[in-house]
Amino acid sequence: MRSSIRSAFPHWMALGSMRVRVPARPLLLCSALLAASAQAQTSAQPPGPVRGASPLLGPSSSGDLSGTAPAPKRGSSADVPVTATDSRPAAFELNWTPLKMPTGESTALLGLSYMVAVNEDWGLGPTFYGAAKGNYGGLFTAGFTAQRRWRLSEQWHVATSIYGGAGGGVSSERVRAGGGFMLRPEVSLRGEFGNWYAGVGVAQVNFPSGNIKDTTWALTIGRMDRLLSFSPSDAGLYGRAGDRTGMGFDEIGLSAGVEKPRSGSITRDGQSVTNRKGKAGADLRQYFGNGGSWWGLEASGAASGGSDGYMEIFANAGQDWGVLSPRLRVGGQISTGLGGGGNLDTGNGWLFRAGPTLRWITPWGPTLRLDASYLKAPWGHYDSMQVRATLALPLEKGSRVLNTPPLESGTVREQDWYLSMPRFKEFQFKDGSKDAVTGWGIGMARDFSGPWYGAAQAGSAAFGKAGAFSYGMFGLGAKTTRLPGGFRVGAEALVGAAGGGGVAVGGGAVTQGELWAQWEGTQPKDRMRIKLGVGQWKALGGAKQSTPMVSLSIGWAFGTLGPRSAI
């Protein structure tokens, strides 16, 4: 399998050849052999009488005739599973980009990308940037990066990339993100060591409709990975994999909580902050160490309390232990990340958080979590206590969370990543004006059982006058089966948090309902998704404004292994 992957992705797989190797996965081969063996054994059984079957007429003929039983269909049962055969080179990249603002002040953007090889030359993936130096905490952008690599030698390669995203924050008359759209081209030279690589390059950060623009040096550190997946046409079938599929996360959690600022917390203009604020967010976790340890990524924002526009992104790590049973667990979690906006003084944006956790893994699949924590911005003037509850839904079979077996079976579920471009017909601003705004962001959808799927979106204003307006939403949708011509239609309802950019959203809580139609190519195995939606967006606080919206999304689909369900 490794040789076939290398031939399909010669430039990207060069990072996995010789020194930097994508680990061999013998269990994937074993799973494929098990499936083939089951098929062969079934085919090798001596023929016997089968009601309604005939060697000449086939099983559809009438009468009580004898014939050979048809072989079980691939993916029809746990004994004849489909296997994850699409293994693509991938990489996590961290990027540090110093930046000179129009005022002469210095800041720096910390970026995180997940890059996946889409063909032999190019990689593509979602990317987030946030301010991590100076006094610009709360400057965030989100979008996608396209990257091309050239190999120079066994240990060196050159990468050229272009990032397109949207966001902003901490704006003023002298520092403006404009509509919010950001471009970041880069050329870098990287050296490789083991599964890691690091490099230095030249990059330009440019908000074309604002006045933030600088050409500077940049540092990159990355780690090679892979994205293992099924074909989208396998969705709903029994599957087997010897490793985690998709991005490798075991569950997604949807959270809501309340945060109480402590004495000494202030706004950027020096006012005391005392109001509680509600928060909504989502996180992804991967478990290891027999399910008692985890790491993950989290994003959340203010949903009430007068701090609309506040947003935070964390990397989490934790450990818990079973109490009375392995499913009821008590432990702790530490987090570090970036946050700001909502006029809160988080300084350069760095945040640290720690506290106890309580987790109950239900026998039915979902997990309920409760945690408390203390949060502090060490280089700002903000710290708080918070409590929140989380409903987590499994992305992998539950036994993988509990004891991480190497070979697992389950039901294949489709998962889609989108570049999403919503257009809001008429936002009402805090100064009383109204204007249309176009956003730019990242969307994700994942099938559950039947017609149901989960959806999440995160993005910012890109065009219009709402630079620094950002949103994050999650919810539930339903869709039809694939229709003639490769089309599908559906509907979804989302809730979440939004704010910034002068848009009047009250405390920050928002909802969105949408009807959509999607083209999925001419064949069920095609991965391209083009989606057009129409709906209504509404702010729940303050003036409770509402506006029609349309959206265009371009996506990529793949199959992941989820909990087993009856077929």
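Q: What makes a stretch of residues a strand here?
A: A strand is a DSSP run of E, at least two residues long, and strands are numbered from the N terminus. The model is a predicted one. Its protein chain comes to 4 helices and 26 strands.

Q: Where does leucine 324 lie?
A: Leucine 324 lies in the loop between strand S14 (311-323) and strand S15 (325-340).

Q: Why is leucine 324 called buried or exposed?
A: The cut-off for exposed is over 50% relative accessible area. Leucine 324 has 88% relative accessibility, so the residue counts as exposed.

Q: What is the phi of leucine 324?
A: Phi is near 75 degrees, a positive value in a residue other than glycine. Most residues other than glycine have a negative phi.

Q: Which class of exposure does asparagine 343 get, and why?
A: Partly exposed covers the range between the buried cut-off, under 20%, and the exposed cut-off, over 50%. Asparagine 343 has a relative accessible area of 36%, so the residue is partly exposed. Its place is in the loop between S15 and strand S16 (350-361). Asparagine 343 also has a positive phi, near 70 degrees.

Q: How many aromatic pairs does the ring rule give?
A: The count comes to 17 aromatic pairs.

Q: What makes phenylalanine 181 and tryptophan 440 a pair, and of which kind?
A: Ring centres must lie within 6.5 Å, and planes over 60 degrees apart count as edge-to-face. Here the centres are 5.2 Å apart and the planes stand at 65 degrees, so the pair is edge-to-face.

Q: How many residues apart in sequence are the parts that this pair ties together?
A: Phenylalanine 181 lies in strand S7 (residues 181-193), and tryptophan 440 lies in strand S20 (residues 434-447). The pair therefore ties together parts 259 residues apart in sequence.

Q: Are phenylalanine 181 and tryptophan 440 buried or exposed, and how do you know?
A: Buried means under 20% relative accessible area. Phenylalanine 181 has 13%, so that residue counts as buried. Tryptophan 440 has 16%, so that residue is buried too.

Q: What kind of aromatic pair do phenylalanine 424 and phenylalanine 427 form?
A: Planes under 30 degrees apart count as stacked. These planes are 20 degrees apart, with 4.8 Å centre to centre, and the pair is stacked. Both phenylalanines are buried. They belong to one aromatic cluster with Phe469, Tyr471 and Trp537.

Q: How do you know that the charged end of lysine 277 sits over the ring of tyrosine 310?
A: The distance part of the rule asks for NZ of Lys within 6 Å of the ring centre; the angle must be within 35 degrees of the ring normal. Lysine 277 has its charged end over the ring of tyrosine 310, 4.7 Å from its centre. Lysine 465 has its charged end over the ring of phenylalanine 429, also 4.7 Å from the centre.

Q: What makes S20 mostly covered?
A: In S20, 12 of its 14 residues are buried.

Q: Why are S19 and S20 called paired strands?
A: Two strands pair if DSSP finds at least two bridges between them. Strand S19 (residues 408-428) has 10 bridges to S20, and the two run antiparallel. One of the bridges matches arginine 423 with threonine 438. The hairpin has 5 residues between its strands, and glycine 432 in the turn has a positive phi of about 95 degrees.

Q: How many bridges join S20 to S21?
A: S20 and strand S21 (residues 452-463) are joined by 10 bridges and run antiparallel. Glycine 441 has glycine 459 as its bridge partner. Their hairpin has 4 residues in between, with glycine 450 in the turn at a positive phi of about 65 degrees.

Q: Why is glycine 507 called buried or exposed?
A: The buried cut-off is under 20%. Glycine 507 has 16% relative accessibility, so the residue counts as buried. Glycine 507 is found in the loop between strand S23 (487-499) and strand S24 (509-519). Aspartate 308 is 199 residues away in sequence, but 5.3 Å away C-alpha to C-alpha.

Q: Which residues of the largest nonpolar core touch the most other members?
A: Of its 22 residues, Phe427, Ala466, Phe469, Val503 and Trp537 do. Strands that each supply at least two residues of this core include S19, S20 and S21. Another core, of 19 residues, lies apart from it; Leu227, Ile252, Ile442 and Ala462 are among them.

Key:
Residues are numbered from 1 along each chain as its sequence is written. This is a predicted model: local features need pLDDT of at least 70, side-chain atom pairs count only at pLDDT 80 or more; totals for chains, interfaces and linings use all residues. Side-chain values use heavy atoms; hydrogens and water are left out. Rings of Phe, Tyr and Trp (its six-membered ring) pair if their centres lie within 6.5 Å; planes under 30 degrees apart count as stacked, over 60 as edge-to-face and the rest as tilted. Buried means under 20% relative accessible area, exposed over 50%, partly exposed in between (1.4 Å probe, protein chains only). A nonpolar core is a set of buried Ala, Val, Leu, Ile, Met, Phe, Trp, Tyr and Cys residues joined through side-chain atoms within 4.5 Å.
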